[in-house]
Amino acid sequence: MIDFSNVEPAGKAKTIAVPTRGDQVDSHFGHCEFYTIVYISAKNEVLRKEILESPVGCGCKSNIAATLKEKNVSVMLAGNMGQGAVDKLSAAGIQVIRGCRGNVGTVVNDYLSGEIKDNGLTCSHHDHGHECSHE
């Protein structure tokens, strides 16, 4: 009998969250209008999308990481965020990819094509009205 227990599947279904404003990736995840949740098949095809309202307040002080985990989110495609938010999302098992910008659908497709990588930058302050623009 052949043991297939160590064989990796051809693909793995995943759920992606994108902080969104309008139809664009928001520049700072903790102040987004809402989250676009995208369900991806094992063949890297978009199955469906849903909108999750953003909690009031800073992302690192909200319960958004737990809420996203309940929705089985495994990847966050974000414009940028502070280290506290990165830590909370990572602790919830959510891979954070920062430096995303543009139309949400295009960013998700670019990620699925392997064209997007984490830029490693975080916001270092939370001034009221602060907009991140790490180039």
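**Salt bridges and the packing of helix H3**

Arg98 and Asp118 form a salt bridge, with the closest N and O atoms 2.7 Å apart. Arg98 sits in the loop between S6 and H3, and Asp118 in the segment after H3, so the pair ties together parts that are 20 residues apart in sequence. Arg98 counts as buried, at 8% relative accessibility. Asp118 is partly exposed, with a relative accessible area of 33%. The model is predicted.

The structure holds 4 salt bridges. Side chains of opposite charge can pair when their charged atoms come close. One of the bridges joins Glu50 to Lys71, with the closest N and O atoms 2.8 Å apart. This pair links distant parts of the chain. Glu50 belongs to strand S4, whereas Lys71 lies in the loop between helix H1 (64-70) and S5; the two are 21 residues apart. Lys71 is partly exposed, its relative accessible area being 24%. Salt bridges that share partners join Arg48, Glu50 and Lys71 into one network.

Another bridge pairs Arg21 with Asp26. Here the closest N and O atoms are 2.9 Å apart. Arg21 is partly exposed, at 44% relative accessibility. Asp26 is buried, at 6%. The cut-off for burial is under 20% relative accessible area, so Asp26, at 6%, falls on the buried side.

The salt bridges are set in a mixed fold. The protein contains 3 helices and 6 strands. Along the sequence, these elements follow the pattern β-β-β-β-α-β-α-β-α. The pattern thus opens with strands and ends with a helix. Of the 135 residues, 42% are buried. Among contacts with a separation of 6 or more, 50% are between residues 24 or more positions apart. The accessible surface comes to about 7,800 Å². Carbon and sulfur atoms account for 50% of that surface.

Helix H3 spans residues 104-112. Its buried residues are Val104, Gly105, Val107, Val108, Tyr111 and Leu112. Seen down the axis of H3, they fall within an arc of 165°, so they line one face of the helix. The buried residues of H3 pack against strands from S1 to S6. Four of these partners are strand S1 (14-21), strand S2 (24-25), strand S3 (34-40) and strand S4 (46-53). Strand S5 (75-77) and strand S6 (95-97) are partners as well.

Gly105 lies in helix H3. Gly105 is buried, with a relative accessible area of 19%. Burial requires a value under 20%, so Gly105, at 19%, meets the cut-off. In sequence, Gly105 and Thr36 are 69 residues apart. In space, their C-alpha atoms are 9.6 Å apart.

Both ends of H3 show local features. At the start of the helix, a side-chain oxygen of Asn103 reaches to within 2.9 Å of the backbone nitrogen of Gly105. Gly105 thus takes part in this contact at the helix start and is also among the buried residues of H3. After the helix comes Gly114. The phi of Gly114 is positive, near 80°. The segment after H3 also holds Asp118, the partner of Arg98 in the loop between S6 and H3.

Key:
Residues numbered from 1 in each chain as written. Predicted model: local features only at pLDDT ≥ 70, side-chain atom pairs only at ≥ 80, totals over all residues. Heavy atoms only, no water. Helix = DSSP H or I, 4+ residues; strand = E, 2+ residues; numbered from the N terminus. Buried < 20%, exposed > 50% of the residue type's maximum accessible area, 1.4 Å probe, protein only. Contact = heavy atoms within 4.5 Å. Areas by Shrake-Rupley, 256 points an atom, 1.4 Å probe, with all protein chains shown as cover. Arc of directions from axis to C-beta. Polar contact = N/O pair within 3.5 Å; in protein donor to acceptor, adjacent residues only side chain to side chain. Salt bridge = Lys/Arg side-chain N within 4 Å of Asp/Glu carboxyl O.
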